[in-house]
Amino acid sequence: MARSSDRPTRERRERRFALVLFLPAFLVLAIGTTVPLFYLLWASLWRIDLSMPWLSGFAGLENYAKMAADPRFWNSLGLTVIYTGSTVVFQVVIGLGLALLVLRIPRGQAALRIAAIMPIVLAPVVVGMFWRTLVLPPDYGLLDLVTQALGLGSHNWLGDPQLALVSVITIHTWQWTPFSFLVILASLAALPPDVFEAARIDRANAWRRFIHITLPMIRPAIAIIVIMRMMVALSAFAAIFAATGGGPGTATEILNLYAYRTSFTDLNLGYGAALAVVLLAITLLVSFLMFRLRRAA
Amino acid sequence: MSAVGRVKLQGIVKRHGNVTALHGVDLEIAPGEFFALLGPSGSGKTTTLRILAGLENANEGRVHVDGADVTDVEPGERDVAMVFQSYALYPHMTVYDNIAFPLRMVGTAKSAIDSAVREAAAKVRIDHLLARRPGQLSGGQQQRCALARAIVRKPRLFLLDEPLSNLDAKLRLETRVELRKLQRSLDVTTVYVTHDQEEAMTIADRMAIFMEGRIVQVGTPDEVYARPASVDVAGFIGNPPMNLLPGRIAADRLHIGDHMVALGRDLGAEREVTVGLRPAALRAGPTGLPAKIDLIEHLGDTKLVICRAGESMVKMRVDKAASFRDGDDIRIGFDPGEIHLFERQSGRRL
Ligand SMILES: Nc1ncnc2c1ncn2[C@@H]1O[C@H](COP(=O)(O)OP(=O)(O)OP(=O)(O)O)[C@@H](O)[C@H]1O
Ligand SMILES: [Mg+2]
């Protein structure tokens, strides 16, 4: 009897103690993310244009309505889709190709793995600067030297609107393909060799072994890469900002950059907040769908 | 007897770096035979099987199947099926798709695949599990699935690498019998790797015994049991294997310690030998090799009396009714016809 009566109080004491331990983390999280998030939602409902402060006031959904008719918004949304889609596809395809190749070389795999980590550990802004100042400038950039030597002529890699988009996609792919390469290499190396031997005896040629055995068996790894890299690509910022700043014009202005430029260049904070909310909604929706897809499989 | 599935290995040498796994293996297997590769761990059985399958290349030697040299032929082109020790099922496919895979790879028509899969699954009694994945099967069911995948294509050669070693003792005995029946009904040449001499003795038509990368004896289970070709084979075959005692022969006399036996045949000059005696061939009597009982093991319908004769340990199988006690002094008798003699130096049978 005595025991059963003191257990609830002890349990309650323990729960209270757990709460105390949990509180600091909760507060930091709340102040750091939840509060700004609600502030962002709130701000998106206002007209706050620091260049025209006399127009400020509650706007309701006006900022969202304005977006529908804003060609620059649609342009940035399209660029976000292209940028995210192409960088993720490239990362997976090139990373898979490289991993399949590297798995075949008997020596030097460890060195290659270390080399692959290098781009990943660089800050994206450094990567953007590096490409802008060393690789892509016309006449003296590394890439231009190569194309000129090959007789393909000099190009303004970041100045030409079409080339600029290709360039920022390349930069992102260059930096993050090593990540997918390493993950895929690890999961390929962990595949049981006897299953492939069984497939050889069952008359599956190399291509069919790849399609019927390799791909399905590393699918979980690829799914995780796609999910993670989509989240990052959707909110990419620093590398593009450092390389092109969204330009020339709006040629590389993905939604994230448009929101930034609206808020901090044009000082239209209300509209910028609304753009950021849309980006957030898209990111959440995509991640929700991806996880649903992954669970279904 | 089937007409296809004749196997011939000629002088197969296999090296891994500076380790030589096989030192020149020669082997002939007749069509329809159930042939066991038997030997202790690391003796080169799996290596031989893998070379036969084409999964590994031999450094020297040729592989012939049905008269054709297949040494450089891809595994898929050899028309063989294999059951791996690990089963090597495709983990992401259902049992159905696992069994169907070899047929799909050769472009069999869909309807033909369906009936073949169901027939193969029914033969090994897993037709109720077709929708499951390998991860949802027990060890025995996985083994059956691997077997079904192997028989579905009706190959000319079955290769089985210790297919029963992951099963529990009871299931192993049952499956052994079924495997034997299955092979008879399919009439396909079967090469069966095992390190379990009892398994090989009960299941095989003939067997090859491997020791350290060499075949030391080929024969039917009866031949190998009756006339082991060397001390190594003698010490490997039988449960328990035969007792091996140091001895000396001179003309028609055999000396084991102070004990002397008349052999009834003249074996020439005096020399050192190893004497082999099966536990079941021994009996306690008024005369014979003097020994002292160390321990008695009860095996159900028989007893194993473990005793010490001079420096050596001797095991004797006796009826369960026999009354012995630990520490008894006995004399072990045997017929001269039950004696196996091996040259001490080379280990070869005399
Ligand atoms: N890839 C390899 N590299 C180096 N040595 C190897 C390799 N594969 C096999 N060996 C060696 O070759 C010898 C024969 O191996 P094998 O696998 O054929 O033995 P086994 O008779 O099947 O033994 P077990 O009953 O343990 O399976 C062993 O000594 C083994 O260590
Ligand atoms: Mg083996």
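Here's a quick tour of this structure, from the whole of chain A down to one residue and one helix. Keep in mind that you're looking at a predicted model. Chain A is mostly a story of helices, with 12 of them alongside two strands. We'll then stop at A:Glu253, a buried residue, and finish with helix α2 of chain B, which is largely enclosed by the rest of the structure.

**Chain A as a whole**

- Follow chain A along its sequence and you get the pattern α-β-β-α-α-α-α-α-α-α-α-α-α-α.
- The radius of gyration of chain A is 25 Å, while a compact globule of 297 residues would come in near 19 Å.
- Along its principal axes, the C-alpha trace of chain A spans about 75 × 65 × 30 Å.
- An assignment splits chain A into domain 1 (1-32) and domain 2 (70-296).
- The centres of these two domains of chain A, taken over C-alpha atoms, sit 44 Å apart.

**Inside and surface of chain A**

- Of the 297 residues in chain A, 40% are buried.
- Take the contacts in chain A with a separation of 6 or more: 65% of them join residues 24 or more positions apart.
- Chain A has an accessible surface of about 16,900 Å², and carbon and sulfur atoms make up 73% of that.
- Chain A carries 24 positive and 14 negative charges, and the mean positions of the two sets are 12 Å apart.

**A closer look at A:Glu253**

- You'll find A:Glu253 in the loop between α10 (238-243) and α11 (255-264) of chain A.
- A:Glu253 has a relative accessible area of 0%, so it counts as buried.
- Leaving out residues up to four places away in sequence, A:Glu253 touches A:Arg72, A:Ser76, A:Leu79, A:Gly246, A:Tyr258 and A:Arg261.
- A:Pro106 is 147 residues from A:Glu253 along the chain, and 44 Å separate their C-alpha atoms.

**Helix α2 of chain B**

- Helix α2 of chain B covers residues 95-105, and it is largely enclosed because nine of its 11 residues are buried.
- The buried residues of α2(B) are B:Val95, B:Tyr96, B:Asn98, B:Ile99, B:Ala100, B:Phe101, B:Pro102, B:Leu103 and B:Met105.
- Both chains help cover those buried residues: the cover includes α8 (193-201) and α9 (206-234) of chain A, along with α3 (110-123) and α4 (139-151) of chain B.
- After α2(B) comes B:Gly107, which has a positive phi, near 70°.

Technical notes
Residues numbered from 1 in each chain as written. Chains lettered and ligands numbered in written order. Predicted model: local features only at pLDDT ≥ 70, side-chain atom pairs only at ≥ 80, totals over all residues. Heavy atoms only, no water. Helix = DSSP H or I, 4+ residues; strand = E, 2+ residues; numbered from the N terminus. Rg over C-alpha atoms; globule rule 2.2 N^0.38 Å. Buried < 20%, exposed > 50% of the residue type's maximum accessible area, 1.4 Å probe, protein only. Contact = heavy atoms within 4.5 Å. Areas by Shrake-Rupley, 256 points an atom, 1.4 Å probe, with all protein chains shown as cover. Lys, Arg positive; Asp, Glu negative; His and termini not counted. Charge placed at Lys NZ, Arg CZ, Asp CG, Glu CD. Domains from an automatic or database assignment.
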